[in-house]
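Welcome! Let's practise asking how we know what we say about a protein model.

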Amino acid sequence: MMFNQKRIPLFVIATILFGIKTYIVYRFMFNIDLENILQEIILFINPFVSAFLFFAVSVWFKKTSRQMKYIRYMALIATGVIFANIVFYRSFADFITIPQLFQGSNAADLGESIVSLIKPYDILIFTDVAIIWYLSRNRLDSFIVDFSRRGKVFALSMSFLLLAGNFFLAEVERPQLFTRAFDREYLVKNIGLFNYHLYDIGINTKATTQKVFADGNEIPEIKAYVEENIKTDQKSDMFGVAKNKNVIFINAESLQSFVINDEVNGEEITPFLNSLTEDEDTYYFENFYHQTEQGKTSDSEFLVENSLYPLSRGAVFFTQAQNEYRAMPEIMGKAGYNSVVFHANNKTFWNRDQMYESLDVDKFYGEEAYEVTEDNSVGWGLKDKPFFEQSIDHLQSLDEPYYSKFITLTNHFPFELPEEDRSIEPYDSNSATLNNYFPTVRYMDESIEQFFAQLKANGLYEDSIIVIMGDHYGISANHNRAMSQYLGEEEITPFDQTQLQRVPFFIHIPGHGKGEVRSEVSGQIDVKPTILNLLGIEHQNDIYFGNDLFSEDRKDYIALRNGDFISEDYIFASGICYDRQSGEQVKEESDDSIDSSLAEDSACTPIKKQVEQELGYSDDLIYGDLFRFMEFEK
């Protein structure tokens, strides 16, 4: 026998009561969106798993009084954590994070309204605590159990077995949940509030440790590299051509370049964007690559605003949101620009509410700024056409000049679109994802065309430059069979897969009259210096890894986060060096059978080494929070 009395232990009763209470809080006090039955199941079981884990520890206390005291106070403390999150959630529609506990503005805002945030019925969440205290004090003989060592080990083993089961289901429901920790709600509904807080503590402890050991001595070496290899002091003939103009930046969700000037079912996929490639006021960069990793849209934002690389695991927006940065909104702000972001989605998604503050964004128009109904939304939220239409009023209210960014939603996996919104029919392949991609891309194309017309009608067009950029791929390698059918290829090679990472990049300058299609290799790392130079804004003593796209003297490669790269002559992908023009694998002159990428004197080796060094320096800046040691104004 594992314990010497046949009775229900108090820690089991506490687990049941606390689990039921926590689940009720999840469902009725937090606005947690459940998308499928698996999420429902996980949300139900995770509070019981967490409760069993910390209440079962009580069996290891030898003295009965200590065992009972541990259960009582653990129930009280854990309920206090729930209550704190409830109050915080009512104010910020978010869960508490360690950095937020130390943010003065948040704490002040919460403190001023703490009384109004507490509801009379909140006392009910302490009901189970009262029951546990009563039983542990007045019915002690009925619930005490004396576990043998075997029983204690069994209880502990069950705790970890249940936890592992919870994590397994969470990984099935949301693959790479911990490495792609892009939203706190996803963490809470998959692993529970308490495990989320433990995860948050771990992430912040790691980040804090890395910062502690950084002292700024790394900066001179990084600056020397940037000055020698990136040549950030170069100015092009385009410097200042858009001085004092507003910037309207359209972050086109999941838009890839293979749809531009192409057809499906005999119809143009993007007729409006196609027309821009021939517009005399537009520069179109046909060899422009996204450089995002696990952070996807948030990575593209990070690249654009900072000209730094994203992290190889996780998202900077989530893990390093409290860092100091030298971002474009801050630099433009010093030149008199207001910076705003329009995105009809939850402000906590990708941790934007925290990261935008670090980037010095003046205002974020999230989903609360829009009228979202069942009729005007699909998939991830507000459709692009009503999104742009409703944004016009907000845009007109801004003080000029402004830097405004619009993040679209409709062309997002799984690419859902009602029949009445389709202007072209889906493709016919074995991939529903690829099939449905084309109608949603066309819908986004139409919404951007509509937005251009609205800007003109409201007098917002002439004094602005309009930038359109695809943020990351929409069709992953999982759909290569269907992609090979669409492209008319026998198979998708690593070379082809790399070329599919091209995304559209347009710079439209009304009245400019000198636009053209440009073919140089370029990427999201180049956006910051390009826009700032077009506006004529100096940013000396800055550290970044991109170039002005109009500069003649610039590096001739684009690094991808996984260490692959694209240069003017070569593409390095999956350990293979390809000729960029022919797509053929480059061979050693001495032995045609040897893959050149494996040799020390490979054609790709020099750039590969430089790419690795560059990515490492960018990581040093982020993990060490090195910008806090720099004085940019000097």
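The questions below deal with this predicted model and with the reasons behind the words used for it.

Q: Why is H539 called buried?
A: Buried means under 20% relative accessible area. H539 has 9% relative accessibility, so H539 counts as buried. You can find H539 in the loop between α22 (527–534) and β15 (557–559).

Q: What makes the pair of H539 and D542 a polar contact?
A: A polar contact needs a pair of N or O atoms within 3.5 Å. The side chains of H539 and D542 make their contact at 3.3 Å, so the distance fits that limit.

Q: How do you know that D542 forms a salt bridge with K528?
A: Here the limit is 4 Å between a side-chain nitrogen of Lys or Arg and a carboxyl oxygen of Asp or Glu. In D542 and K528 the closest N and O atoms are 2.9 Å apart, so the pair qualifies. D542 lies in the loop between α22 and β15 while K528 is in helix α22, so the salt bridge ties together parts that are 14 residues apart in sequence. Both D542 and K528 are buried.

Q: What makes D421 and K383 a salt bridge?
A: Their side chains meet at 2.6 Å, N to O, and the cut-off is 4 Å, so they pass. D421 sits in the loop between β10 and α19, and K383 in the loop between β9 (381–382) and α18 (384–396), so this pair ties together parts that are 38 residues apart in sequence.

Q: Are D421 and K383 buried or exposed?
A: The test for buried is under 20%. D421 has 18% relative accessibility, so D421 counts as buried. K383 has a relative accessible area of 7%, so K383 is buried as well.

Q: Why is E425 called partly exposed?
A: Partly exposed is the class between under 20% (buried) and over 50% (exposed). E425 has a relative accessible area of 45%, so E425 is partly exposed. E425 lies in the loop between β10 (402–407) and α19 (432–457). Together with E263, E267 and E268, E425 gathers in a patch of negative charge on the surface.

Q: Why does T270 count as buried?
A: T270 has 0% relative accessibility, so T270 counts as buried. Look for T270 in the loop between β3 (267–268) and α13 (271–277).

Q: How many salt bridges does the structure hold?
A: There are 21 salt bridges. One of them joins D128 and K21, with the closest N and O atoms 2.5 Å apart.

Note on methods: Residues numbered from 1 in each chain as written. Predicted model: local features only at pLDDT ≥ 70, side-chain atom pairs only at ≥ 80, totals over all residues. Heavy atoms only, no water. Patch = residues over 30% accessible without salt bridge, like charges linked within 9 Å, V, L, I, M, F, W, Y side chains within 5 Å. Areas by Shrake-Rupley, 256 points an atom, 1.4 Å probe, with all protein chains shown as cover. Lys, Arg positive; Asp, Glu negative; His and termini not counted. Charge placed at Lys NZ, Arg CZ, Asp CG, Glu CD. Helix = DSSP H or I, 4+ residues; strand = E, 2+ residues; numbered from the N terminus. Buried < 20%, exposed > 50% of the residue type's maximum accessible area, 1.4 Å probe, protein only. Polar contact = N/O pair within 3.5 Å; in protein donor to acceptor, adjacent residues only side chain to side chain.
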